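Dear colleague,

I am passing on a structure that will be new to you, and I have set out below what was found in it. Please look it over before reading on.

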Amino acid sequence: MNTRAWIVFLDESGVSLLPQIRRTYSSRGRTPLLRHRLNWKRASMARALGYHSTDPARGARRRFHLKPGSYDTAGLIEVLEQMKVF
């Protein structure tokens, strides 16, 4: 049996970095102006959760990778290669 084997779950999702508009305290009839200094419109995050196959006492290992914009096939392959190091 291979004692170096890991079971890994990989997930990718997108997030918006602009603030969400919520109800604020302001005078009636006056729309509040929310200012932000973010340059990214969207970002993507890839997360991996790994478990060692033969030694459950090691516990779970978690890794994540952030990227502005969206992932494509080449981007996800790059993330998998980086996570292979861990």
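**Helix α1 and its surroundings**

At 1.5 Å a residue, the 12 residues of α1 should span 16 Å (1.5 Å times one less than the number of residues), and since the end C-alpha atoms of α1 are 17 Å apart, the two values agree. This is a predicted model, in which local features need pLDDT of at least 70 and side-chain atom pairs count only at pLDDT 80 or more, while totals for chains, interfaces and linings use all residues. Residues are numbered from 1 along each chain as its sequence is written, and side-chain values use heavy atoms, with hydrogens and water left out.

Helices (H or I, at least four residues) and strands (E, at least two) are DSSP runs, numbered from the N terminus. Buried means under 20% relative accessible area and exposed over 50%, with a 1.4 Å probe and protein chains only. In α1 the buried residues are G75, V79 and M83, and they cover an arc of only 75° around the axis (taken from the directions from the helix axis to the C-beta atoms), which puts them on the same side of α1. The face turned away from that buried side carries the exposed residues T73, A74, E81 and K84.

The largest nonpolar core (buried Ala, Val, Leu, Ile, Met, Phe, Trp, Tyr and Cys residues joined through side-chain atoms within 4.5 Å) is made up of five residues, A46, A48, Y71, V79 and M83. To this core, β2 and α1 each supply at least two residues.

S44, which lies in strand β2 (residues 42–52), is buried, with a relative accessible area of 3%.

Best regards
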